[in-house]
There are 2 protein chains.
Amino acid sequence: MSPRGQQAARAVSQPAQQSVRRPTVQDVAREAGVSPSTVSRALHTRGYASPDVRARVRAAAERIGYVLDHNARNLRSRTSTSIGVLISDLRNPFYADLAAGIEEELRAAEYQMVLVNDNGDPAEEMRAAETLLAMRVPGVIVTPVTAKCPRVLQENGVHVVCADRELGRSNGDVVMSDNKAGARELTDHLIALGHTRIGLLIDETKWSTGAGRLAGFRAAHLDNFVDLDEDLIAYTSFDADAARETTRKLLNEHEVTAIISANNVLAQGALAELKDRRLRIPRQISLAAYDDVPWMSLVQPALTTVDQHTVELGRSCARLLLARIRGDLPARRRIVRVPARLIVRGSTGPAPRG
Amino acid sequence: MSPRGQQAARAVSQPAQQSVRRPTVQDVAREAGVSPSTVSRALHTRGYASPDVRARVRAAAERIGYVLDHNARNLRSRTSTSIGVLISDLRNPFYADLAAGIEEELRAAEYQMVLVNDNGDPAEEMRAAETLLAMRVPGVIVTPVTAKCPRVLQENGVHVVCADRELGRSNGDVVMSDNKAGARELTDHLIALGHTRIGLLIDETKWSTGAGRLAGFRAAHLDNFVDLDEDLIAYTSFDADAARETTRKLLNEHEVTAIISANNVLAQGALAELKDRRLRIPRQISLAAYDDVPWMSLVQPALTTVDQHTVELGRSCARLLLARIRGDLPARRRIVRVPARLIVRGSTGPAPRG
DNA sequence: ACCGAATGTGGCATCGATGCCACATTTCGG
DNA sequence: CCGAAATGTGGCATCGATGCCACATTCGGT
């Protein structure tokens with residue numbers, strides 16, 4: 001009775017405990033003395049049922065402990081109340097907050113969140129997309145790793161909202177922080193403090209997040225008539241150790257009076273390096289970050305940041321997707337920019353005198 | 001054609017874009033020249049299919065872009081590969097890490113995580129349980145808010161693993177940190193540094209988490225022959241501001257040379273108060289916390305903590321639940337204790353001299 | 001050679017809820 | 001008063017995949 005080994009790795013489960021048979025609409029119908037069709041209409045669906053019948057059916061359902069079967073409903077009605085959410089790392093507070101905002105809005109609308117952590121890996125992302133197609137979800141919110149994922153979903157009739165960034169030129173909805181404006185405001189703040197040698201720690205510029213932040217950094221220099229030394233734009237990979245190493249090299253090779261870190265992970269590395277060198281913040285060097293996560297207000301001195309309102313970003317994603325699913329929107333794609341807000345704390349101060 | 005207002009608040013969605021008809025097993029059967037039964041067996045289920053037929057069916061499925069429908073599969077097979085996960089606050093790094101570990105293990109086993117944030121609210125928790133029953137999930141991992149939720153799920157034939165804590169006396173599986181041993185080790189550490197006046201900041205002791213941490217605190221005093229002043233056990237509500245106020249009162253009313261905070265949220269409040277008072281850590285007062293989240297190693301001085309290995313806790317929950325679902329375990333309930341580990345950093349030092 | 005077990009295929013009913021529509025009754029507007 | 005629209009009910013097919021089993025063939029052991 002053992003199948004060929006080829007099947008061994010697939011998810012196999014025993015049915016939920018066998019002795020538990022759940023009441024169906026047939027049972028409710030018998031209990032209430034109406035037809036199964038009437039039960040369905042009285043409990044859930046569009047269509048007519050008199051107030052008296054509704055009350056009778058509801059009482060009967062409650063009496064016998066009836067619980068709808070989403071699988072049956074989804075199959076017949078050809079849709080689902082599950083929404084896919086693809087993020088890059090649940091352990092990063094940015095994504096955790098994003099997911100929190102999304103989940104909150106979905107729950108309020110009686111949708112369920114199916115959360116997948118693709119680890120920023122293109123293969124995992126596509127695997128997740130396939131799974132969500134199999135689940136027949138009507139919509140997906142994705143922090144895209146490749147342009148392929150949103151496209152495949154859309155080609156299969158699934159509504160997609162890209163969160164935080166878009167890749168390439170898609171034709172779908174996007175919700176993101178106003179990266180350029182936020183980075184510009186932060187850089188303005190430092191320039192107003194007298195800084196003309198500002199390092200930028202950044203991991204990527206091919207995604208709209210990094211690109212927007214870099215653009216804001218550049219624009220602030222331009223608008224304030226401050227020359228930008230291209231060597232102060234320091235590229236690093238997306239982990240705190242690499243960022244720390246890059247900060248070390250930046251400080252060793254260049255005169256810098258302030259550092260902007262393009263996200264919370266890089267900020268960790270930069271801070272660790274400054275502490276290691278026993279540099280006094282902000283007296284000797286100012287440090288600021290794009291994103292605001294809890295530790296940034298707990299360190300001493302607390303970090304000046306740009307708050308992306310990440311939870312609100314998540315809520316906005318969910319609201320947009322739900323409106324799209326309900327057909328409340330015109331076909332034209334929508335780009336929602338959530339304003340970012342500068343939060344000045346103790347880590348930024350006047351540029352040291354030469 | 002408008003239904004009565006009573007239906008207006010329910011989740012209503014348009015089918016995924018209408019013009020997209022998905023290929024079914026009937027289509028694959030035609031393409032491969034076999035029966036639909038054979039398609040099903042060749043692609044997914046237990047049962048026999050020859051290697052030649054398997055290859056032919058797979059090629060046909062790929063050619064026409066066939067994607068399984070989980071709803072149909074779940075309905076017929078009376079189970080599902082979705083797993084419910086109920087947590088209390090996705091914005092708290094503890095729960096985010098827990099969910100991350102769970103998701104990782106589920107994904108590897110080709111299960112999907114349906115994540116609900118119940119906000120530690122009993123009503124929300126029960127609502128989530130109802131939804132998961134409707135989805136016919138075979139298992140749920142829950143950080144329980146009430147004893148009712150695990151019970152109702154189990155009565156309906158759903159396997160349950162309680163994470164982090166158990167309420168009352170349930171008969172289900174539990175995975176938790178070894179709270180007592182961890183708290184004891186932390187308290188031992190402070191006593192070994194000469195502290196005899198150790199404050200404990202704690203928000204609850206009715207759950208096994210708080211109760212275990214308190215028990216460890218007491219046991220360390222007893223075993224080291226240090227008298228425990230009951231007034232140094234300071235109760236507070238579960239938010240950083242309340243913890244801060246409670247810390248203030250504790251310091252105003254009692255001589256204390258060290259503070260243990262029972263979780264990461266309370267530690268935030270305590271740290272803020274110590275900083276406000278400009279107390280020198282650890283020279284004037286030591287601070288330690290149960291739980292280890294990123295900010296704790298980033299503040300100055302870095303906090304001495306007990307690392308719950310929260311991601312591993314999550315993995316362990318998922319592995320246990322999957323084993324239960326697969327019928328790999330004897331009926332007897334299982335309690336898994338994940339060892340906690342003391343991490344000594346700069347925030348704890350010798351007790352100040354009288 | 002014979003028999004039982006294993007392998008393999010196809011037919012058909014099944015899972016539980018809803019879409020669709022025929023039919024009946026009531027309400028509303030001209 | 002009459003016709004159209006709205007309200008309400010029940011019957012039956014449908015959604016897409018799999019469980020179950022009858023039947024056929026092959027393989028291994030005696």
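A residue counts as near a molecule or strand if one of its heavy atoms lies within 4 Å of it. Keep that in mind for the first points below.

1. What you're looking at. This is a predicted model, where local features need pLDDT of at least 70, side-chain atom pairs count only at pLDDT 80 or more, and totals for chains, interfaces and linings use all residues. Residues are numbered from 1 along each chain as its sequence is written, chains are lettered from A and ligands numbered from 1 in the order in which they are written, and side-chain values use heavy atoms, with hydrogens and water left out.

2. Who sits around DNA strand D? There are 29 residues around the strand, and A:S37, A:T38, A:V53, A:R76 and B:S40 come nearest. On the DNA side, 64% of the strand D atoms within 4 Å of the protein belong to sugar or phosphate, and the rest to bases.

3. Some pairs to find on screen. A side-chain N or O atom of A:S37 is 2.6 Å from a base oxygen of strand D. For B:V25, a backbone N or O atom lies 2.7 Å from a phosphate oxygen of strand D. All of this concerns polar contacts (a pair of N or O atoms within 3.5 Å; within protein, one must be able to donate a hydrogen and the other to accept it, and residues adjacent in sequence count only if both atoms are side-chain atoms).

4. How the two chains meet. Contact here means heavy atoms within 4.5 Å, and 85 residues of chain A are in contact with 84 residues of chain B. Together the chains bury about 7700 Å², 51% of it on carbon and sulfur atoms. Buried area is the accessible area (1.4 Å probe) that two parts lose on being put together, summed over both.

5. Charges and polar pairs. Between chain A and chain B the count is four salt bridges, each a side-chain nitrogen of Lys or Arg within 4 Å of a carboxyl oxygen of Asp or Glu. In the one between B:E124 and A:R107, the closest N and O atoms are 3.3 Å apart. There are also 24 residue pairs in polar contact between the chains, both residues at pLDDT 80 or more.

6. A strand pairing across chains. Strands are DSSP runs (E, at least two residues), numbered from the N terminus, and two of them pair if DSSP finds at least two bridges between them. Strand β2 (residues 112-117) of chain A and strand β2 (residues 112-117) of chain B run antiparallel, joined by three bridges. Look for A:L115, whose bridge partner in β2(B) is B:M113.

Terms used: Helices (H or I, at least four residues) and strands (E, at least two) are DSSP runs, numbered from the N terminus.
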